[in-house]
Every structure is written in C-alpha cells, then in structure tokens.
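Reader: I would like to learn how to read pockets, helices and backbone angles in a model. Can we work through one together?

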Amino acid sequence: MTVELFGTDDRARMSEAIAVRIEVFVDEQRITLEDELDGHDEAGDSQAVHALVRDAGGNVLAAGRYYRADERTVQIGRMAVRAAARRSGIGRRLLDALMEDARRRGYVRATLNAQDHAVGFYAGAGFAALGAPFIECDIPHQGMERTL
C-alpha cells in the first residue's frame, strides 16, 4: 500500500481522487456534487495538497487533502475511503501522511470538520473537539483540532 501526495495541477491523480470522493460522498451519502467540489480541487490552487492511497495492484482505495487555513494551520478534509477498504487502517495511514507532510512544510496545527460518525476515528488520532457541533450538507459535524 502506498500514499501519494500531489497538487491540483496533477489532473490525472485529481481525477482519481475526485472519483473516490464522488463514490463516497455523492453516491453513498447523497451530498450534491456542487457541495463536494470546491476551489481547493481546481488546478493552480497551490494551497492544497491532495493524497491517494493505492493497494499493491495500483487500485485507488482512499483520497484526502489539506489546504492552508492560515500561516500556521492546515484544514484537513475530504477524507474518503472506499467501502470495501474501510476498517483496515487505510484511513489512519492517509491521515498520518497528510499530517506529516503538513508538519514538514512548517505547519503546527491541523483542524478538520468530522462527520459525527467519524469523531471517534479522529479522536483516536489525537484530535479534540473544537466548538459546538453543527450541520453541514444535512450531516452532523464536529470541528476538531490537534497540534502537529
């Protein structure tokens, strides 16, 4: 299993990442495509770092990203693991790779908006609740943060 980090200018890998996100967020969770895709997916966004996880055969199992929230903080998001690959440690490997890359680039804090069902996953990775729960795209979320 490998984790690949890349920028938005890598359109081939962006297409693969977006395909996973559409499968998970649009098809499974019924989030609209307009809500799923944003400016951090567009070519030329130098603030965004995207990631793919591939199995030994080169099949994409998961995708995620982070972007600069401020000079010291990244916002992690769009963490999507294909259904058949869930509960196998792939999500944690993806999250760890994103955080390590951000740390290498000099960021000291990460924030994210966890879907309610994923709060425990992120807490297990050292994230703590930040603020009150909220609804986004008709799904309960909790802001979370941690030091990198």
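**Pocket, helices, loops**

Author: The largest pocket holds about 970 Å³ of space. Keep in mind that this is a predicted model.

Reader: How is empty space found in the first place?

Author: Rolling a probe the size of a water molecule over the atoms shows where empty space is left. Here, 35 residues line the largest pocket.

Reader: Which residues lie nearest the centre of the largest pocket?

Author: Phe 25, Met 79, His 117, Ala 118 and Tyr 122 lie nearest its centre.

Reader: Which helices and strands each supply at least two residues of the lining?

Author: The helices are α1 (11-28), α2 (33-36), α3 (90-104) and α4 (119-124). The strands are β3 (60-70), β4 (73-81) and β5 (109-115). The largest share, seven residues, comes from β4.

Reader: How do the lining residues divide into nonpolar, polar and charged?

Author: The lining has 16 nonpolar residues, ten polar ones and nine charged ones.

Reader: Now the helices. What span is expected for α1, and what span does it reach?

Author: Use 1.5 Å a residue. The 18 residues of α1 give an expected 26 Å. From first C-alpha to last, α1 reaches 24 Å, close to that value.

Reader: Where does α1 bend?

Author: At Ile 22, by about 35 degrees.

Reader: How does α3 do on the span test?

Author: It agrees. The 15 residues of α3 should span 21 Å at 1.5 Å a residue, and the end C-alpha atoms are 21 Å apart.

Reader: Which residues of α1 are buried?

Author: First the general idea. An α-helix has 3.6 residues a turn, so residues three or four places apart point the same way. Now the case. The buried residues of α1 are Met 14, Ala 17, Ile 18, Val 20, Arg 21, Val 24, Phe 25 and Val 26. Phe 25 also appears among the residues nearest the centre of the largest pocket.

Reader: What covers the buried residues of α1?

Author: The cover includes β1 (2-6), α2, β2 (48-54), β3, β4 and β5.

Reader: Let me zoom in on Met 14. Is Met 14 buried or exposed?

Author: Met 14 counts as buried because its relative accessible area is 0%, and the cut-off is under 20%. Met 14 sits in helix α1. Leaving out residues up to four places away in sequence, Met 14 touches Phe 6, Gly 7, Thr 8, Asp 41 and His 50. Sequence separation is another thing to read. Met 14 and Leu 52 are 38 residues apart in sequence, and their C-alpha atoms are 9.0 Å apart in space.

Reader: And which residues of α3 are buried?

Author: Ile 90, Gly 91, Leu 94, Leu 95, Ala 97, Leu 98, Met 99, Asp 101 and Ala 102. Their cover includes β1, β2, β3, β4, α4 and β8 (139-147).

Reader: Asp 101 is on that list. How far apart are the C-alpha atoms of Asp 101 and Gly 77?

Author: They are separated by 14 Å, with their positions 24 residues apart along the chain. Gly 77 lies in strand β4. Gly 77 is buried because its relative accessible area of 19% falls under the 20% cut-off. Beyond residues up to four places away in sequence, Gly 77 touches Gly 64 and Arg 65.

Reader: Next, backbone angles. Which residues after the helices have a positive phi?

Author: Arg 30 follows α1, with a positive phi near 65 degrees. Gly 106 comes just after α3, with a positive phi of about 95 degrees.

Reader: Which residues in the loop between β7 and β8 should I check?

Author: Check Cys 137 and Asp 138, both in the loop between β7 (134-136) and β8. Cys 137 is not a glycine, but its phi is positive, about 55 degrees. Asp 138 is not a glycine either, and its phi is positive, about 65 degrees.

Reader: Are these two buried or exposed?

Author: Cys 137 is partly exposed, at 34% relative accessible area. Asp 138 counts as exposed because its relative accessibility is 73%, and the cut-off is over 50%.

Reader: One last loop residue. Where does Asp 55 lie?

Author: Asp 55 lies in the loop between β2 and β3. Asp 55 is partly exposed, with a relative accessible area of 27%. Not counting residues up to four places away in sequence, Asp 55 touches Met 1 and Leu 61. Asp 55 and Asn 113 are 58 residues apart along the chain, and 27 Å separates their C-alpha atoms.

How values were computed. Residues are numbered from 1 along each chain as its sequence is written. This is a predicted model: local features need pLDDT of at least 70, side-chain atom pairs count only at pLDDT 80 or more; totals for chains, interfaces and linings use all residues. Side-chain values use heavy atoms; hydrogens and water are left out. On a 1 Å grid over the protein atoms alone, a cavity is a set of points where a 1.4 Å probe fits but cannot get out, and a pocket is an open set with protein on both sides within 12 Å along at least five of seven lines; lining residues have an atom within 4 Å of a point. Grid points are joined across faces, edges and corners, and a volume is the space filled by probe spheres set on the points. Helices (H or I, at least four residues) and strands (E, at least two) are DSSP runs, numbered from the N terminus. Ala, Val, Leu, Ile, Met, Phe, Trp, Tyr, Cys and Pro count as nonpolar, Asp, Glu, Lys and Arg as charged, and the others, Gly among them, as polar. The expected span of a helix is 1.5 Å times one less than its number of residues. The bend at a residue is the angle between axes fitted to the seven residues ending there and the seven starting there. Buried means under 20% relative accessible area, exposed over 50%, partly exposed in between (1.4 Å probe, protein chains only). Contact means heavy atoms within 4.5 Å.
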